[in-house]
Amino acid sequence: MRFLCIYRPEKQENDTPPSTEEMAKMGKLIDDMAKAGVLLATEGCRPSSHGVRVRIDGSKSDKFTVTDGPFTETKELIAGFCLMQVKTKAEAVEWTKRFLSVVGEGESEIRLLHDVPASG
């Protein structure tokens, strides 16, 4: 089962890189996940000031709105993600608890992904 874990911090976003200690703690978790064979991908996101939002008007398929960051509603901001393959949702929850213990605040949403059948 593949799960996408989306991390949303509680703190106001900034462009300060993680400290050496924070990087070491996260590196240990990433190493543990890789050794356990559950980590497919992970990445942290730069602040929303480096991003854009693109929306489409549902009634007009050619009407797009592009908005440059930063975005003010921090509860909706994604600070990073992890893509993992585990046997159960409970296992995904346990890895996510470890992640949140490392970052110390915020929340993660865990979403089960559709598995594409092998073509053959």
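Where does Lys60 lie? Lys60 is placed in the loop between β3 and β4, and with a relative accessible area of 47% it is partly exposed, where buried means under 20% relative accessible area, exposed over 50%, and partly exposed in between (1.4 Å probe, protein chains only). The C-alpha atoms of Lys60 and Gly106, which are 46 residues apart along the chain, are separated by 37 Å.

The structure is a predicted model, in which local features need pLDDT of at least 70 and side-chain atom pairs count only at pLDDT 80 or more, while totals for chains, interfaces and linings use all residues. Residues are numbered from 1 along each chain as its sequence is written, and side-chain values use heavy atoms, with hydrogens and water left out.

**Overall architecture**

The protein contains two helices and six strands, and from the N terminus on its elements follow the order β-α-β-β-β-β-α-β; helices (H or I, at least four residues) and strands (E, at least two) are DSSP runs numbered from the N terminus. Along its principal axes, the C-alpha trace spans about 45 × 45 × 20 Å. Of the 120 residues, 23% count as buried. With contact taken as heavy atoms within 4.5 Å, 73% of the contacts between residues at least 6 apart in sequence join residues at least 24 apart. The protein exposes about 8800 Å², of which carbon and sulfur atoms supply 54%; accessible areas come from the Shrake-Rupley method with a 1.4 Å probe, and for residues only the protein chains shown count as cover.

**Nonpolar core and surface patch**

In soluble globular proteins, nonpolar side chains tend to be buried together. A nonpolar core is defined here as a set of buried Ala, Val, Leu, Ile, Met, Phe, Trp, Tyr and Cys residues joined through side-chain atoms within 4.5 Å. The largest such core has 13 residues, of which Leu29, Met33, Met84, Val86 and Trp95 touch the most other members. At least two residues of this core come from each of β1 (2-8), α1 (20-36), β5 (80-85) and α2 (89-103). Leaving aside neighbours within four places in sequence, Met84 is in contact with Met1, Arg2, Phe3, Cys5, Met33, Val38, Leu40, Ala92, Trp95 and Thr96.

On the surface, Val52, Val54, Ile56, Phe64 and Val66 make a nonpolar patch of about 480 Å². Patches are made of residues with over 30% relative accessible area and no salt bridge, like charges being joined within 9 Å and nonpolar side chains (Val, Leu, Ile, Met, Phe, Trp, Tyr) within 5 Å. Strands β3 (52-56) and β4 (64-68) each supply at least two residues of the patch, and β3 gives the most, with three. Val54, found in strand β3, counts as exposed because its relative accessibility is 54%.

**Salt bridges**

The structure holds eight salt bridges, each being a side-chain nitrogen of Lys or Arg within 4 Å of a carboxyl oxygen of Asp or Glu. Three of them are set out below, with the distance between the closest N and O atoms.

| Pair | N to O distance |
|---|---|
| Arg8 and Glu109 | 3.0 Å |
| Lys28 and Asp32 | 3.0 Å |
| Glu109 and Arg111 | 3.1 Å |

Arg8 forms a salt bridge with Glu109; Arg8 lies in strand β1 and Glu109 in strand β6 (residues 107-112), so the pair ties together parts that are 101 residues apart in sequence. Arg8, Glu109 and Arg111 are linked in a network of salt bridges. Within this network, Arg8 counts as buried at 17% relative accessibility, whereas Glu109 counts as partly exposed at 28% and Arg111 as partly exposed at 46%. Lys28 and Asp32, by contrast, both lie in helix α1, four residues apart, about one turn of the helix, and Asp32 is buried with a relative accessible area of 16%.

**Cysteines and a cis peptide bond**

A search of the whole structure finds zero disulfides, a disulfide being a pair of cysteine sulfur atoms within 2.5 Å. Cys5 is in no disulfide, and the nearest cysteine sulfur, that of Cys82, is 5.3 Å away, which is too far for a bond. Cys5 counts as buried at 5% relative accessibility, and Cys82 is buried with a relative accessible area of 11%.

The peptide bond from Gly69 to Pro70 is cis, with omega near 10 degrees, and Pro70 is found in the loop between β4 and β5.
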